[in-house]
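Colleague: Could you walk me through this one while I have it open? I would like to go through it topic by topic.
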Amino acid sequence: MTRNAAPVTPPVVLTIAGSDSGGGAGIQADLKTIEAGGAFGTSAVTSVTAQNTTGVESTHVLPTEEIEAQCMAVRSDFDVAAIKTGMLATSDVVELVTDAVRDSDAPAVVDPVMVATSGDRLLEPAAEAAYEDLVAESTLVTPNADEAEVLTGIEATDSARAQQAAEALVEMGADAALVKGGHVPGDDIVDVLATGDSIETVRHTRVDTEATHGSGCTLSSAIATRLAHGDDLSVAVRTGIDLLARAVRYNLDVGEGPGTVHHMVAVRDQAERDPTAERVAEVVEQLVRRDVSPLVPEVGLNVVGATPYAEVPTECAAVEGRVTRTLDGVAANRGVRFGASTNVARFLLAAREYDSDLRFAVNCRFDDDIERALDALDGPVAEYDPSNRPEEAAGQTVEWAATEAFAERDESPVAVAGRAGVGWEPTVVLLAPDTATLADRTVTLLDAVTDEE
């Protein structure tokens with residue numbers, strides 16, 4: 001018996017850009033990002049590059065009639081909900097794409113690709129002037145600081161100058177301009193979004209990596225995809241920037257060069273939510289069976305699991321209401337859900353800043369018996385004293401404690417003990433890359449405490 005079809009109708013995004021044989025940027029990055037964002041990616045290839053993570057070896061620009069034929073083939077068959085442009089290479093191609101954007105009602109995100117991350121030039125000088133007309137037709141133009149300088153003559157050396165450049169691009173005719181701050185020195189990356197009515201800034205902590213290949217393509221494609229879904233421009237920009245920040249942090253270590261951004265990071269992280277919650281539930285069940293009541297602190301014990309790319313506590317699974325002592329052992333008050341832990345989740349996330357392999361944690365009471373029992377664990381134990389917390393770390397005690405425990409260590413601690421402080425219950429947090437190791441360390445500590453007693 002045949003099955004009935006169940007068709008899906010995603011919005012369609014057209015990317016007009018060059019091909020990257022290395023797969024990290026260009027059309028390849030665009031299509032990965034578009035599909036990851038729940039849209040259907042179509043393409044018109046403007047040029048073919050022999051490229052990898054170390055650089056661009058050669059470039060071949062396709063005849064304009066072939067590029068035009070691709071655009072017409074897509075637009076004659078698909079209801080294009082957004083257009084994204086990337087590497088255009090020559091003035092003839094820029095002019096062709098300008099006409100295509102002008103003839104479409106779909107929002108257009110223009111990424112003025114001029115120089116590759118590796119430093120290789122991807123746009124002939126004569127084409128720079130032609131970009132003015134394309135910028136004027138764009139819904140959003142997304143230059144980095146270097147590209148903004150080429151387009152406006154303004155050197156975007158800080159956020160104030162970036163704002164001037166963004167406003168100049170809007171004066172050129174763009175509905176909006178996003179001047180990216182990745183090329184501007186500083187601990188934080190500040191992106192500036194200008195429209196005819198407002199200025200917004202989006203700030204992210206800079207990630208210490210050179211694996212940013214494909215970052216511009218991924219951001220502009222992510223924004224175009226959200227616009228295709230009908231998002232407001234500001235929301236689409238912020239969603240795209242958040243995605244890129246995570247894609248850079250959890251980059252892909254491929255090739256001999258620095259690597260590439262992780263275009264599918266959000267999809268991969270979402271796919272790990274249920275398995276992560278299930279693993280946490282399995283550990284909770286083991287600990288309840290073993291009756292870990294000697295380890296349960298006054299506030300209750302919790303088991304926390306972070307998804308592989310977790311950034312905030314709501315991306316950590318934990319026991320709602322924690323595990324508490326009962327008359328005949330311990331019990332989980334409610335089920336496992338994401339966002340059920342605050343302090344333990346924050347500590348785990350802070351620890352992952354130093355060791356990204358850590359995925360799971362459990363908090364236990366900390367007293368003299370536990371302190372002696374910690375010697376039974378199979379690794380180093382770190383300690384911090386909340387009374388030593390500097391005034392500037394007020395409100396960030398958890399993150400400060402992780403820094404105290406992990407900074408300047410050759411080997412990550414398997415447990416971190418904190419003594420009592422004002423408003424701070426003494427506690428020890430066990431950490432592990434997987435639930436089997438976490439359960440083993442918890443049971444080892446339980447057995448050692450039981451032997452002490």
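Colleague: To start with, how many salt bridges does a search of the whole structure find?

Modeller: Bear in mind that this is a predicted model; with that said, searching the whole structure gives 23 salt bridges.

Colleague: Take Asp111, then: which residue does Asp111 form a salt bridge with?

Modeller: The partner of Asp111 is Lys180, and the closest N and O atoms of the two are 3.9 Å apart. Asp111 sits in the loop between β5 (108–110) and α4 (125–137), while Lys180 sits in the loop between β7 (176–179) and β8 (188–195), so the salt bridge ties together parts that are 69 residues apart in sequence.

Colleague: And are Asp111 and Lys180 buried or exposed?

Modeller: Asp111 is buried, and Lys180 is buried as well.

Colleague: What about Arg246, where does Arg246 lie and where does Asp269 lie?

Modeller: Those two form a salt bridge in which the closest N and O atoms are 3.5 Å apart. Arg246 belongs to helix α8 (residues 233–249) and Asp269 to helix α9 (residues 265–271), so the pair links parts that are 23 residues apart in sequence. Both residues are buried.

Colleague: Moving on to Glu371, how far apart are the closest N and O atoms in its salt bridge with Arg419?

Modeller: For Glu371 and Arg419 the closest N and O atoms are 2.6 Å apart. Glu371 is in helix α12 (residues 368–373) and Arg419 is in the loop between β17 and β18, so this salt bridge ties together parts that are 48 residues apart in sequence. Glu371 counts as partly exposed because its relative accessibility is 29%, and Arg419 is likewise partly exposed, with a relative accessible area of 29%.

Colleague: Which residues do salt bridges that share partners join into one network?

Modeller: Asp99, Arg102 and Glu137 are joined into one network in that way.

Colleague: Change of topic: what is the strand order in the open sheet of seven strands?

Modeller: Reading across the open sheet, the order is β14-β11-β10-β15-β18-β17-β16, and the pairing is mixed. The edge strands, each of which pairs on one side only, are β14 (336–338) and β16 (381–384). From one strand to the next, the twist averages 20 degrees.

Colleague: How many bridges join β10 to β15?

Modeller: Strand β10 (residues 303–306) and strand β15 (residues 360–365) run antiparallel and are joined by three bridges. As one example, Val304 has Ala361 in β15 as its bridge partner.

Colleague: Which strands does helix α10 touch?

Modeller: Helix α10 (residues 273–290) packs on the sheet and touches β10, β11 (316–319), β14 and β15, with its direction making about 160 degrees with that of β10. Helix α11 (residues 343–352) also packs on the sheet, where it touches β10, β11, β15, β17 (415–418) and β18 (427–432), and its direction makes about 45 degrees with that of β10.

Colleague: Last topic, cysteines: how many disulfides does a search of the whole structure find?

Modeller: The search of the whole structure finds zero disulfides. For Cys71, the nearest cysteine sulfur is that of Cys217, 17 Å away, and Cys71 is buried, with a relative accessible area of 6%.

Colleague: Why is Cys316 without a bond to the closest cysteine sulfur?

Modeller: The closest cysteine sulfur, in Cys364, is 17 Å from that of Cys316, which is too far for a bond. Cys316 counts as buried, because its relative accessibility is 1%.

Methods
Residues are numbered from 1 along each chain as its sequence is written. This is a predicted model: local features need pLDDT of at least 70, side-chain atom pairs count only at pLDDT 80 or more; totals for chains, interfaces and linings use all residues. Side-chain values use heavy atoms; hydrogens and water are left out. A disulfide is a pair of cysteine sulfur atoms within 2.5 Å. Buried means under 20% relative accessible area, exposed over 50%, partly exposed in between (1.4 Å probe, protein chains only). Two strands pair if DSSP finds at least two bridges between them. Helices (H or I, at least four residues) and strands (E, at least two) are DSSP runs, numbered from the N terminus. Axes are lines fitted to C-alpha atoms, for helices over the stretch in contact, and angles run from 0 to 180 degrees between N-to-C directions. Contact means heavy atoms within 4.5 Å. A salt bridge is a side-chain nitrogen of Lys or Arg within 4 Å of a carboxyl oxygen of Asp or Glu.
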